[in-house]
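Open the model in your viewer with the cartoon on and side chains hidden. The stops below go from the backbone to charged side chains.

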Amino acid sequence: MVTFEIIKSEEIKFGNSNFLEIARKKAISEEGENVFISISRGFITPTGEKRYRKSFTVPIDESVINFITEKLKEI
């Protein structure tokens with residue numbers, strides 16, 4: 001079984017009850033731990049609960065993170 005721990009999280013709300021969240025998370029299992037970055041999109045229900053629709057993970061690798069940030073600025 002894998003459990004997840006959020007190390008740090010930031011989010012921005014947009015549109016009607018939508019949000020984008022960027023978080024550094026840790027996956028913990030019997031085999032060990034793995035730290036990664038998660039980019040998630042979701043919405044907030046009328047009762048105030050967060051619901052996630054899509055998620056994309058990025059390894060903690062400086063070259064990968066630099067590539068993504070540079071290309072996002074170019075596009």
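The tour starts with the sheet, moves to the helix and ends at the salt bridges.

This is a predicted model, in which local features need pLDDT of at least 70, side-chain atom pairs count only at pLDDT 80 or more, and totals for chains, interfaces and linings use all residues. Residues are numbered from 1 along each chain as its sequence is written, and side-chain values use heavy atoms, with hydrogens and water left out.

**The sheet**

Select the strands. Helices (H or I, at least four residues) and strands (E, at least two) are DSSP runs numbered from the N terminus, and two strands pair if DSSP finds at least two bridges between them. Four strands make an open antiparallel sheet in the order 1-2-3-4. Strand 1 (3-14) and strand 4 (50-59) are at the edges with a single partner strand each, so one side of each has no neighbour in the sheet. From one strand to the next, the twist averages 25°.

**Strands 1 to 3**

Select 3-14 together with strand 2, residues 18-29. Eleven bridges hold this antiparallel pair; among the partners are glutamate 5 with lysine 26 and serine 9 with alanine 23. The hairpin between the two strands has three residues, and glycine 15 in the turn has a positive phi of about 60°.

Now add strand 3 (32-44). Strand 2 pairs with strand 3 through twelve bridges, again antiparallel, and a hairpin of two residues connects them. Alanine 23 is opposite serine 38 in strand 3.

**The helix**

Select 62-74, which is helix 1. This helix lies across strands 3 and 4 and runs at about 120° to strand 4 (axes are lines fitted to C-alpha atoms, for helices over the stretch in contact, with angles from 0 to 180 degrees between N-to-C directions; contact means heavy atoms within 4.5 Å).

**The salt bridges**

Show the side chains of lysine 50 and glutamate 11, whose closest N and O atoms are 2.4 Å apart in a salt bridge (a side-chain nitrogen of Lys or Arg within 4 Å of a carboxyl oxygen of Asp or Glu). This pair links strand 1 to strand 4, 39 residues apart.

Add glutamate 21, which forms a salt bridge with lysine 50 at 3.6 Å, N to O. Here strand 4 is linked to strand 2, 29 residues apart. Is glutamate 21 buried or exposed? Glutamate 21 is buried, at 2% relative accessibility, while lysine 50 is partly exposed at 37% (buried means under 20% relative accessible area, exposed over 50%, partly exposed in between; 1.4 Å probe, protein chains only).

Last, select arginine 51 and glutamate 49, which meet in a salt bridge at 3.8 Å, N to O. Shared partners join Glu11, Glu21 and Lys50 into one network.
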